[in-house]
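Reader: I'd like to zoom in on one part of this model, the sheets and the helix that lies across them. Could you walk me through it in one go?

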Amino acid sequence: MSGTVRQIIVATDPGTPHFLRVDWDVDLGAGFTLALTDGGSAWIGEVSEDEVTREANNVGATEERYVEDLLQALTGTGEGHKGLYSFHITPDQCHLSYQKMCNDTSVHLGCVELQPATDPLELIRELIGHSLNHCIYLESQNCQLLEDNRRLKWEHQRILRELEQQVRDKEMLEGDLYSRFIMVLNEKKAKIRGLQDAVRQLHQTHEEGRQSDHDTTQARREQPAWSIHPSQEPTILLTGCDLECHGISVARTVSDEEDEQRSRNETSENASAARYPHSVVASGWSCCQSSFGTSGTLSASPTLFVVTLLSNLKTL
């Protein structure tokens, strides 16, 4: 069971201090009891749950909002409650009413019927004892809060010291990491420059090779036609038997076909010797002597010899 004791000012008797005690089980919405004293007389009263619900409907507010205002008015809890709530006692001291001031307008929150206490002194002693117990409770709470405050302050200082140390460690670690990163970065840059130089050198070598191939191809295109094409003059075949018939020895290997060809040539020469005068043979022999040196080797072009011989034959 919860309960509070507070001092209130009754608007009908502001010069006399009054003390109000309120007790409830769950919350004020489920009903509550109160005791009021001016130090000489005492009164008690009770409010049921139905009366709380009826008063909330009369005010036109929700029950939760009405219970919140009722708690602030009777117990004095909450911020800014002073001056917002007022109390009135009827002249016959049979009813206690409480109002809330809203924009200079008084809103009736409720009213409780008072009954004189059978033993006012006992009720006053209970109020005093409850107040003392509440003070002791508040003092213990205050001591606990002070202890918690000192502990939190010490924890705060310890956390600050650890945070400062962590900041210093972080700065040292960042410096170390930055130095290592710069070292690795410089190594990577040097490696990249080396690779770029190698690629540039390979590219230059490739370009020089292409230029050399281009120059070679261009030079081949610029060569004269006679340097790359064979002679278009007719070729006269001069066999070894033609040279031997004039006394020139030729060391060679004679095949069967060449031996047969030589036999046919000898037959043809014999026929020519019988048909033409000896002047033709003499003329051919003089041409042969002019074409060969004394050593028996060919000194002039074989083509010239044959052409000369044929020319002499045509003049006959």
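To set the scene, how many helices and strands does the protein have? And then the close look: which strands does helix H2 (residues 63–75) lie across?

Author: Sure. A word on the ground rules: this is a predicted model, where local features need a pLDDT of at least 70 and side-chain atom pairs count only at pLDDT 80 or more, while totals for chains, interfaces and linings use all residues. Residues are numbered from 1 along each chain as its sequence is written, and side-chain values use heavy atoms, with hydrogens and water left out.

The protein has 8 helices and 8 strands; these are DSSP runs numbered from the N terminus, helices being H or I with at least four residues and strands E with at least two. Of its 316 residues, 20% count as buried, where buried means under 20% relative accessible area, exposed means over 50%, and partly exposed is in between (1.4 Å probe, protein chains only). The protein exposes about 23000 Å², and carbon and sulfur atoms supply 55% of that; the areas come from the Shrake-Rupley method with a 1.4 Å probe, and for residues only the protein chains shown count as cover. Look at contacts between residues at least 6 apart in sequence, and 43% of them join residues at least 24 apart (contact means heavy atoms within 4.5 Å).

Now the helix. H2 (residues 63–75) lies across E1, E2 and E3, running at about 60 degrees to E1. H2 also lies across E5, E6 and E7, and there the angle to E5 is about 70 degrees. Those angles run from 0 to 180 degrees between N-to-C directions, with axes as lines fitted to C-alpha atoms, for helices over the stretch in contact.

Let's take the sheet with E1 in it. It's an open sheet of 5 strands, in the order E1-E2-E3-E4-E8, with antiparallel pairing (two strands pair if DSSP finds at least two bridges between them). Strand E1 (2–8) and strand E8 (115–116) stand at the edges with a single partner strand each, so one side of each has no neighbour in the sheet.

Starting at the E1 edge, Gln-7 sits in this strand and is partly exposed, at a relative accessible area of 47%. Set aside its neighbours within four places in sequence, and Gln-7 is in contact with Pro-17, His-18 and Phe-19. His-18 is 11 residues along the chain from Gln-7, yet their C-alpha atoms are separated by 5.8 Å. Next door, strand E2 (residues 18–24) holds Asp-23, which is buried at 12% relative accessible area. The Asp-23 side chain makes a polar contact with the side chain of Arg-21, at 3.1 Å. For the record, a polar contact is a pair of N or O atoms within 3.5 Å; within protein, one must be able to donate a hydrogen and the other to accept it, and residues adjacent in sequence count only if both atoms are side-chain atoms.

Moving along, strand E3 (residues 32–37) and strand E4 (residues 42–47) pair antiparallel over 6 bridges, with Thr-33 standing opposite Glu-46 in E4. E3 and E4 form a hairpin with 4 residues between them, and Gly-39 in the turn has a positive phi of about 95 degrees. At the far end of the order, E4 and E8 pair in the antiparallel sense over 2 bridges; here Trp-43 stands opposite Pro-116 in E8.

Over to the other sheet. This open sheet has 3 strands, ordered E5-E6-E7 and paired antiparallel. Its edge strands are E5 (85–89) and E7, each pairing on one side only. Neighbouring strands of this sheet are turned by 25 degrees against each other on average, direction ignored.

The loop between E5 and E6 is where you'll find Gln-93, a non-glycine residue with a positive phi near 55 degrees. Gln-93 counts as partly exposed at 38% relative accessibility, and Cys-94 is partly exposed too, at 29%.

Then comes strand E6 (residues 95–102), which pairs antiparallel with strand E7 (residues 105–113) over 8 bridges. Lys-100 has Val-107 in E7 as its bridge partner. E6 and E7 make a hairpin with 2 residues between them, and Asn-103 in the turn has a positive phi of about 55 degrees. Ser-97 stands opposite Cys-111 in E7, and Cys-111 is partly exposed at 32% relative accessible area. As for the cysteines, a search of the whole structure finds 0 disulfides, a disulfide being a pair of cysteine sulfur atoms within 2.5 Å.
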